[in-house]
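User: I'm new to this one and keep tripping over the labels. Could you show it and go through why each label applies?

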Amino acid sequence: MNRTDLRRVDFHLLIVFETMMHERSVTRAAEKLFLGQPAISAALSRLRTLFDDPLFIRTGRHMEPTARAEDIFKHLAPALDSISAALSTTSDFDPATSDAVFRIGLSDDVEFALLPALLRQLRREAPNVVLVVRRTNYLLMPELLNAGDISVGVSYVSDLPANAKCKPLRRSWPQVLRADDAPAPMTLEEYCSRPHALVSFAGDLDGYVDNSLEALGYRRRVVLAVPQFNGLGTLLADTDIIATVPDYVIEGLTASGRLHANALPFSGPSFDLSMAWRGAQDNDPAERWLRTRIEEFIGDPQSLKPIN
């Protein structure tokens, strides 16, 4: 097919095809595109004629792509990203008048500790925009970006989609959160003998600290696992339970004066908090503005400087 032949291609069909590749379901694709299921089915019929292939085969409750569909998607996804980026560069963005809807992904610690300042700034600059926050982490981030459910996310990241971009925002060192205000620094032995609380999205009873303790020949005892930071301060108050938390959540958790923070009694691991975004929206003026504000109000460039 040459470029002149593109005139007979309905690009709406390609969006339906891309969405079906992500969702593997006519129902979910219809919900994602705000269309009825008959419209998706009709688009699939036209796509099958266009590509002379079944494209999707029903397997139980899912629509599995054929080998031909997988090959088409491999070439089509970056092409659609390039088209989206090209169109984005031609549009202006005025935050004061915009009513854009931004869909972002934040890990729970970021939402709890760093979102409030960002939100206040967005309200000052762009009072009519809508912010939709999705809960994410290093496991969920790749799929949320790949599916277009978010345009940008902030979390610890690992394996991102090939077309995603990423920038470290700050480096975090964990601290100990405790309800008692003991005058002496906590020893490693006391740290391990005390009961621990853990914030775990998946309900795990161990975390990044445990690997460091194991290397030193120590273990801790987790007696409480909760899915978010929001209630941690209330839960720890008036108990002997301690928690190991990122340094940037300390202010929010100790604001009531009922909890105190100390340095870890051993050399704990540090992690980079990063911002990742879809490559297709790298040049979108509205997304660039949002990423700038995220970097300004969530990032800490001083923490990224090497320690001499």
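Analyst: Here is a short round of questions on labels and what lies behind them. This is a predicted model, where local features need pLDDT of at least 70 and side-chain atom pairs count only at pLDDT 80 or more, while totals for chains, interfaces and linings use all residues. Residues are numbered from 1 along each chain as its sequence is written, and side-chain values use heavy atoms, leaving out hydrogens and water.

User: Why is Phe201 called partly exposed?

Analyst: Buried means under 20% relative accessible area and exposed means over 50%, with partly exposed in between (1.4 Å probe, protein chains only). Phe201 has 49% relative accessibility, so it counts as partly exposed. You'll find Phe201 in the loop between β8 (195-199) and α9 (208-215). Helices here are DSSP runs of H or I with at least four residues, strands are runs of E with at least two, and both are numbered from the N terminus.

User: Which residues form a nonpolar patch with Phe201?

Analyst: Tyr138, Leu139 and Leu140 join Phe201 in that surface patch, with about 420 Å² of accessible area together. Patch members need over 30% relative accessible area and no salt bridge; nonpolar side chains (Val, Leu, Ile, Met, Phe, Trp, Tyr) are joined within 5 Å, like charges within 9 Å. A salt bridge would be a side-chain nitrogen of Lys or Arg within 4 Å of a carboxyl oxygen of Asp or Glu. The areas come from the Shrake-Rupley method with a 1.4 Å probe, and for residues only the protein chains shown count as cover.

User: What makes β4 and β6 edge strands?

Analyst: Five strands form an open, mixed sheet in the order β4-β3-β5-β12-β6. β4 (130-135) and β6 (164-172) each pair on one side only. Two strands pair if DSSP finds at least two bridges between them. β3 (residues 101-106) and β4 have six, in the parallel sense, and Leu106 has Arg135 in β4 as its bridge partner.

User: How is β5 paired, parallel or antiparallel?

Analyst: Both! β5 pairs with β3 in the parallel sense over three bridges, and four bridges join β5 to β12 (residues 271-278), which run antiparallel. Val152 in β5 stands opposite Ile104 and also opposite Trp277 in β12.

User: And what makes α1 mostly covered?

Analyst: Ten of its 13 residues are buried, among them Leu13, Phe17 and Glu23. α1 (residues 11-23) reaches 19 Å from first C-alpha to last, close to the 18 Å expected; that expected span is 1.5 Å times one less than the number of residues.
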